[in-house]
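The text below goes through one model, beginning with a single residue and moving on to the sheets and the helices that pack on them. Please keep the structure in view while reading.

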Amino acid sequence: MGESLPLSMVLFLGTAFIARRCCRLHRHQQRLRCVDTPYGQPPDSLKEAFSLAPDQVETLRSNYMSTSCSVSYKNTGGLQITGGHGSRLIDVHGNEYLDTRNNVAHCGHGHPEIVEAITYQMKLLNTNSRYLHPNASLLAKKLVNLFPPSNRGDDDSLTKVFFVNSGSEANDLALRLARAYNKTHHKELRVHTKQQAKQCIITIDHAYHGHTLATIDVSPYKHHQGTELTECPAYVKRVPYPDVYRGVHSNCKDEIEATAKYSSYVEDACREITSNGDSVTAFLMEGGMSVAGVILPPKSYISRCIRAVRNAGGLYIADEVQTGFGRLGKCMWAFEYSSDDTHVDDDKVVPDIVTVGKPFGNGLPLAAVITTPKVTSAFESLGVEYFNTFAASPVCCAAGLSMLHVLSKYELQKNALVVGNLLKRLFSDVKARHGWIGDIRGSGLFLGIELVRNQLTLEPATEETSFVCSALKEKYKVLTSIDGYHENVIVVKPPMVFTEEDAVEFVTCFEKCLIDLPSIDQLHQLGKTPTSWWRTSRLCDMLRFGGSYFCQPLRPSITVERGQICCKLTSFSMDCKSICASFSASPPSTVFANNSSTTADPLFIFLAAAKSASDSS
């Protein structure tokens with residue numbers, strides 16, 4: 001046997017090991033941007049709110065808020081989130097969830113440096129934006145410095161900032177600025193006809209730009225929902241979104257052909273608008289389309305489109321609300337992503353107007369419009385003052401300054417690229433082992449995983465995607481979101497502090513859900529689940545894991561009384577036989593839940609189908 005180490009050496013090595021572990025833990029906590037749990041008791045003004053039980057919170061919301069204000073995961077019971085740190089969210093019961101969907105807390109939930117900046121400024125002052133304040137002035141400068149210069153000159157560089165409160169407000173103002181520019185610079189296009197010439201906007205199908213009247217008009221995604229608006233108004237020209245996987249030109253041999261075909265719709269729209277005596281006011285596009293299912297355009301698509309738009313006298317508005325501030329890893333802004341660096345093209349990467357929102361304040365309401373001197377001059381020449389009470393408030397601007405500081409200090413754009421590449425490799429491995437993944441697309445921490453039932457026919461796996469999303473939340477405590485025209489794309493856009501360990505955990509749980517997928521016949525019984533998690537989506541709270549079904553947190557306790565099937569919302573977990581034992585052979589016509597009658601409740605139709613399947617087996 002070898003000689004034993006002296007006690008002093010053992011103590012030295014042990015101390016060094018512990019110190020190293022502590023340093024690694026400290027660095028890991030810094031990476032996750034953890035904060036201490038709130039200390040002490042809430043102030044008197046919040047004690048009543050903090051004392052409400054979860055069912056009271058849900059009841060108050062139901063009684064006093066519109067059901068149109070959707071709640072995520074309504075099918076498995078809306079989450080009541082009360083805390084968060086880094087890439088994790090914590091619910092009222094203390095459950096910790098991995099957050100893969102929150103691009104609002106850009107630098108992570110509860111980042112200590114951002115919390116410190118907000119708290120410091122709040123103690124000093126928070127007021128309206130009519131006063132001079134260093135936070136707003138400096139933030140405008142730092143924001144402008146993030147954009148590339150224009151080769152077309154200073155008058156076309158993005159050097160002017162309007163602060164607003166949200167992405168919707170930003171896009172609304174962007175449209176207003178574009179109309180002002182069109183009105184003052186293209187009077188020669190106003191031909192005298194019987195009808196007044198229209199200021200036309202070109203938008204992308206399935207795009208979403210906000211909830212104001214102006215932005216709803218140019219958001220075809222909303223036109224597919226409900227009956228408030230069913231199509232774009234006459235002044236809005238809609239073109240197909242450039243989806244190279246399952247779009248109208250998905251059979252192209254390469255990106256060059258796809259660019260030519262998809263951009264031709266914008267070119268044709270410009271010709272049609274001008275030939276009718278109308279004017280092309282703007283081409284509005286998300287650099288990365290989120291609700292469309294994470295669509296990044298093919299190479300040079302944007303540059304070719306804006307060349308046609310500018311030749312027709314219009315402006316290019318880049319909506320960076322979802323994708324800005326380094327989320328794609330490769331670049332700071334999504335409009336830069338698909339540019340072709342092999343040739344010089346003055347129009348290819350610098351928009352006339354850019355809008356930013358969601359992540360700008362790391363959770364506080366802060367957004368902005370960044371535009372050029374020529375556009376601001378046109379707007380100013382109309383003599384209308386622009387005042388926004390809460391935009392550029394000292395506290396919100398403190399949040400913005402701190403967010404940019406943290407983004408740079410911890411190299412979160414680089415982290416997005418590294419972790420995003422790892423996620424794509426891990427998902428590719430899963431795709432090779434399972435047939436459910438049709439496409440893995442995106443960049444950095446803006447990824448889309450499209451699920452299909454057949455990799456050749458591309459049949460959308462809509463119900464399966466809903467199952468995976470619900471199962472990730474219920475069984476593995478992982479939060480995800482669903483988007484895409486067929487609602488079959490898992491969208492990955494987590495806080496930028498998402499780590500490689502988070503990535504491995506996420507994909508491991510994701511693969512387990514694919515293995516857990518029930519048969520296609522059972523999923524058809526569940527029906528299609530909309531992204532808003534409404535109505536039939538709650539059927540997915542009865543999913544089979546290891547021979548048992550679960551449903552939480554609002555779970556029906558089912559009994560048969562006087563020939564009627566009755567339901568009380570309580571907690572339960574029972575296997576398939578226990579569920580089926582609560583039913584008669586024929587499907588129920590009427591059920592009672594909390595003393596209210598519901599006819600042909602789809603939950604019971606599903607359970608009846610489960611009973612039938614069990615009996616046949």
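Ser393 counts as buried because its relative accessibility is 4%, where buried means under 20% relative accessible area, exposed over 50% and partly exposed in between (1.4 Å probe, protein chains only). This is a predicted model, in which local features need pLDDT of at least 70 and side-chain atom pairs count only at pLDDT 80 or more, while totals for chains, interfaces and linings use all residues. Residues are numbered from 1 along each chain as its sequence is written, and side-chain values use heavy atoms, with hydrogens and water left out.

Ser393 sits in the loop between α11 (373-380) and α12 (394-409); helices (H or I, at least four residues) and strands (E, at least two) are DSSP runs, numbered from the N terminus. Leaving aside residues up to four places away in sequence, Ser393 touches Asn126 and Thr127, contact being heavy atoms within 4.5 Å. With Asn126 there is also a polar contact, side chain to side chain, at 3.4 Å. A polar contact is a pair of N or O atoms within 3.5 Å; within protein, one must be able to donate a hydrogen and the other to accept it, and residues adjacent in sequence count only if both atoms are side-chain atoms.

Next come the sheets. One is an open sheet of four strands in the order β1-β2-β3-β13, with mixed pairing. β1 and β13 (478-479) stand at its edges, each with a single partner strand, so one side of each has no neighbour in the sheet. Two strands pair if DSSP finds at least two bridges between them. β1 (residues 81-85) and β2 (residues 88-91) run antiparallel and are joined by four bridges, with His85 partnered by Arg88 in β2. Two residues lie between the strands of this hairpin, and Gly86 takes a positive phi near 55°. β3 (residues 96-99) and β13 run parallel, joined by two bridges; Asp99 has Leu479 as its bridge partner.

Helix α15 (residues 500-516) lies across β2, β3 and β13, at about 100° to β3. Axes are lines fitted to C-alpha atoms, for helices over the stretch in contact, and angles run from 0 to 180 degrees between N-to-C directions.

Another open sheet has seven strands in the order β4-β10-β9-β8-β7-β5-β6, again with mixed pairing. β4 (160-164) and β6 (236-239) stand at the edges, each with a single partner strand, so one side of each is left without a neighbour in the sheet.
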